[in-house]
Amino acid sequence: MTSRALDERETAARPIARRDTAPARAGYDVEAIRAQFPILARPVRGKPLAYLDNAATSQKPRAVIDAIRRYYEEDNANVHRGVHLLSERATRAQEAARVKVARFLGTDDPHEVIFVRGTTEAVNLVAQTFGRQRVGPGDEILVTCLEHHSNIVPWQLLCQEKGAALKVVPISDAGDLELDALDRLLGPRTRLLAVTQVSNALGTVTPIAEIIERAHARGVPVLVDGAQGAPHLGFDVGRAGADFYAFSGHKIYGPTGIGVLWGRRALLEEMPPWQGGGDMILSVSFEKTTFNALPYKFEAGTPHIAGAVGLGAALDWVGEVGLEAIAAHERAILDTAAAALAEVPELRIIGAPRERAGAISFLLGDVHPHDAGTILDRHGVAVRAGHHCAQPLLARLGLSATLRASFAAYSTPREIEQLVRALHAVREIFA
Ligand code: PLP
């Protein structure tokens, strides 16, 4: 196939045979779930929306939207410092959200839950506190080839500052981590292993419990990037034994601008504060400042209270639907998508990891992913095209961009049919 200019007249949808691989899961009423997401009912470019960009951000159920609106209508005030009723209500709302996050992560200590802007900020926080305190010249930070830029660049900055080295666990051609190499790379100078639970670009699920076990056997603490793992698999910090876990609210049906860093209390206690300001102090004089207790030591300034409330509502929503039910539905949808995509001529699925969650990357002949993504958009299909903030991973695979379809609790076989139909339209244009 050779690229040529887009022509809207050529993009008319062409019907394809209906696939009957629909995951009809007993008790999982995907249409009833979809009905809770107002945006999914909005046509896009005159077509029904097939929202397959969930790895970038998920849509929000009415319960989350209402919780945020209710917070602003009924409770809004600044937290912690107020003596008035609304301030008490706002404080209670924020702290209730913290308890919900702790429960979601399987811990009963909400003081280990630090609200941040998202996964990116959580990783930077650890790099700039734990990292700065513990890493020196000649030390090593270990990441993997699967990482999102957010779990690479903060460590690179730290290594540059400290004269340390960034080491990388390689992957196989299938997109799985090479665990033998992990063992070799875990050395006496390794100060931290930072590893994703699920790759946002390939969907690879890493064997996280085993990885943590191997790192701990060498005395190396582990930060898990749960941006993609939390919404599809959840994470039990106690059972998995991680030292730090980061995730973003907006990828798990919550609002943007709020996320979580969970850390083991003993580590968090030892770490110096990161940003200075209100709320993170107990007392301040020009000579000396004493810092607040956990988690406030790491929460300088007015927090994103409405965001925390929205995240709490999102986790409630996930709990009501059931994370396991969501995961089973998404697995079935992913299988349906993989089978349907495999039948599109000249389509190449990228990677074949042992376990995949949430996302699948592919290329269509030699059509540039941006061209294909633009045409898919005209058919109401929202996918991501590009490097997915994982340039080193794509470079390892000899690529610079892919198309990525990614799924959520409300994804349907109908959306996959729409995607496949639109891919056929792309092929016709570039034939
Ligand atoms: N890590 C992974 C695996 C991601 O997929 C993303 C976002 O796509 C991030 C980190 C960064 O998340 P955020 O932009 O919400 O901070």
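## Ligand site, pockets and cavities

The ligand sits in the second largest pocket of this structure, which is a predicted model.

Around the ligand there are 13 residues, among which T120, D225, Q228, S248 and K251 come nearest. Sorted by class, this shell holds one nonpolar residue, 10 polar residues and two charged residues. Three side chains place an N or O atom opposite an oxygen atom of the ligand, and they are set out below with the distances computed from the model.

| Side chain with the N or O atom | Ligand atom | Distance |
|---|---|---|
| T120 | oxygen | 2.6 Å |
| H148 | oxygen | 3.4 Å |
| K251 | oxygen | 2.6 Å |

Taken alone, the ligand would expose 390 Å², and 85% of that area is buried by the protein. T120 and K251, whose side chains each have an N or O atom 2.6 Å from a ligand oxygen, are also among the five residues that come nearest to the ligand.

The largest pocket encloses about 680 Å³ of space. Its lining is made up of 27 residues, and those that lie nearest its centre are L233, G234, F235, D236 and L323. Two or more lining residues come from each of the helices α3 (85–104), α7 (208–217), α8 (229–233), α9 (237–240), α11 (305–321) and α12 (323–342). By class, the lining of this pocket comprises 13 nonpolar, seven polar and seven charged residues.

Apart from the pockets, the count of cavities of 30 Å³ or more comes to two. The largest cavity holds about 70 Å³ of space, and its lining consists of H232, L233, A327, E330, R331, L334, E355, R356, A357 and G358. The elements that give two or more residues to this lining are α8 and α12, and α12 gives the most, with four residues. By class, four of the lining residues are nonpolar, two are polar and four are charged. L233 lines this cavity and is also one of the residues nearest the centre of the largest pocket.

The second largest cavity contains about 40 Å³ of space, and N54, A55, S58, Q228, P231, H232, K251, Y253, F407 and A408 line it. Its lining divides into five nonpolar residues, four polar residues and one charged residue. Two of these lining residues, Q228 and K251, are also named among the residues that come nearest to the ligand, whereas H232 appears in the lining of this cavity and in the lining of the largest cavity.

Two features of the backbone remain to be described. The peptide bond that runs from L294 to P295 is cis, its omega being near 0 degrees, and P295 is found in the loop between β10 (289–291) and α11. H388, a residue other than glycine, has a positive phi near 55 degrees, and H388 has its place in the loop between β14 (384–386) and α14 (391–396).

Methods: Residues numbered from 1 in each chain as written. Predicted model: local features only at pLDDT ≥ 70, side-chain atom pairs only at ≥ 80, totals over all residues. Heavy atoms only, no water. Near = heavy atom within 4 Å. Polar contact = N/O pair within 3.5 Å; in protein donor to acceptor, adjacent residues only side chain to side chain. Areas by Shrake-Rupley, 256 points an atom, 1.4 Å probe, with all protein chains shown as cover. 1 Å grid on protein atoms, 1.4 Å probe; cavity = no way out; pocket = protein on both sides within 12 Å on 5 of 7 lines; lining within 4 Å. Sits in = over half its atoms within 2 Å of the grid points. Nonpolar A, V, L, I, M, F, W, Y, C, P; charged D, E, K, R; others polar. Points joined across faces, edges and corners; volume = space filled by probe spheres on them.
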